[in-house]
Number of protein chains: 2
Amino acid sequence: MNAQQITIDMALKAWNIQVSRMNSFLEKTDDTTLAKEVAPGRNTGTYLLGHLIAVNDTMISLFGLGERLFSHFDEDFIKSPDKKGGNSYPTLGSLRENWKQSNEQLDRYFSTLSADEWFGKHTSMSDDDWAKDPARNKLSVFMNRTAHMSYHLGQLAFLK
Amino acid sequence: MNAQQITIDMALKAWNIQVSRMNSFLEKTDDTTLAKEVAPGRNTGTYLLGHLIAVNDTMISLFGLGERLFSHFDEDFIKSPDKKGGNSYPTLGSLRENWKQSNEQLDRYFSTLSADEWFGKHTSMSDDDWAKDPARNKLSVFMNRTAHMSYHLGQLAFLK
């Protein structure tokens, strides 16, 4: 196995650890609990679940993999703060299903990427910027998204 | 730049992003606030700061870089839960200083590691395990420690 492939394996493993932690968390947390604020005045579990689905989904277009599944989530779950109930968020049953769909779709896409593609530039980066800093590749975005999941998992843990 | 070096740059960049976020957080958070629980009944900022110093410090021995600086923190900040005041934790002034020392020391050590060393096995791994899974290298531990910082930064953010 060469260094590129080892690196991709490491990054995928780190990603899958966070996804598994989120899955375990969702399994043992009922809807009533998930709808609560993780701390007084902070985001609800509902919002953070939608937020993670939306943010992870952006990798589909950023990596040029195809059409995004959840771009309609951006307005509610990325651009807007938590509306905290009394709003038109999808139900938690539906968000739980979307979380699964999102991970299945991302897994499928990720498995199609070659090592060179993982190390290649993403769509929002100019050729000039890329020439200056080849470490800003798809894998680097992927590692940031992994850390982003971890950040919010630290908050969701308070619902336990 | 080859794939190994690009990867190490990416991982160091991801690490430095979390360290910078922690530095900014510490700069704008006074001791009174930092001593509070991040959410009702949860860890204090004091404990989480000590915990991050201790956990990051474990890389020094795990990577065979030298003597740890903060192994005396393990009992209070890794093995024990938060004692929440009325205890013998170091002062926040001292913990803030230790956080800086920890990062300076880790930076120095990291800069001595060659690409092959980053991709080499860490000290707590047997040769057999290593042969089976070369993705479990120093860099992989380093990426997990990066995600770990992000996890607790998500919680510390509630003190703002």
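Copies are superposed by least squares on the C-alpha atoms of residues with pLDDT of at least 70 in both, and the structure shown in these views is a predicted model.

**View 1. The two chains and the rotation axis that relates them.** A turn of 180° with a shift of 0.0 Å along the axis lays chain A on chain B with an RMSD of 0.0 Å. The two copies are thus related as by a two-fold rotation axis. Both copies use the same surface, since 100% of the contact residues of chain A recur in chain B. Among the residues of chain A, Tyr151(A) comes closest to the rotation axis, its C-alpha lying at 2.0 Å.

**View 2. Helix H3 of chain A and the residue that follows.** Helix H3 of chain A, made up of residues 45-62, has 18 residues and reaches 26 Å from its first C-alpha to its last, close to the 26 Å expected at 1.5 Å a residue. Of these 18 residues, 17 are buried, so H3(A) is largely enclosed by the rest of the structure. After H3(A) comes Gly64(A), which has a positive phi near 65°.

**View 3. Phe63 in the largest nonpolar core.** The largest nonpolar core has 98 residues, and within it Phe63(A) and Phe63(B) have the most contacts. Apart from neighbours within four places in sequence, the residues in contact with Phe63(A) include Phe110(A), Trp118(A), His122(A), Lys138(A) and Phe142(A).

**View 4. Leu92 of chain B and its surroundings.** Leu92(B) is found in helix H5 of chain B, residues 92-112, and is buried, with a relative accessible area of 11%. Leaving aside neighbours within four places in sequence, Leu92(B) is in contact with Asp31(B), Leu34(B), Ala35(B), Thr46(B) and Leu49(B). Val141(B) is 49 residues apart from Leu92(B) along the chain, and their C-alpha atoms are separated by 28 Å.

Conventions: Residues are numbered from 1 along each chain as its sequence is written. Chains are lettered from A and ligands numbered from 1 in the order in which they are written. This is a predicted model: local features need pLDDT of at least 70, side-chain atom pairs count only at pLDDT 80 or more; totals for chains, interfaces and linings use all residues. Side-chain values use heavy atoms; hydrogens and water are left out. Contact means heavy atoms within 4.5 Å. Helices (H or I, at least four residues) and strands (E, at least two) are DSSP runs, numbered from the N terminus. The expected span of a helix is 1.5 Å times one less than its number of residues. Buried means under 20% relative accessible area, exposed over 50%, partly exposed in between (1.4 Å probe, protein chains only). A nonpolar core is a set of buried Ala, Val, Leu, Ile, Met, Phe, Trp, Tyr and Cys residues joined through side-chain atoms within 4.5 Å.
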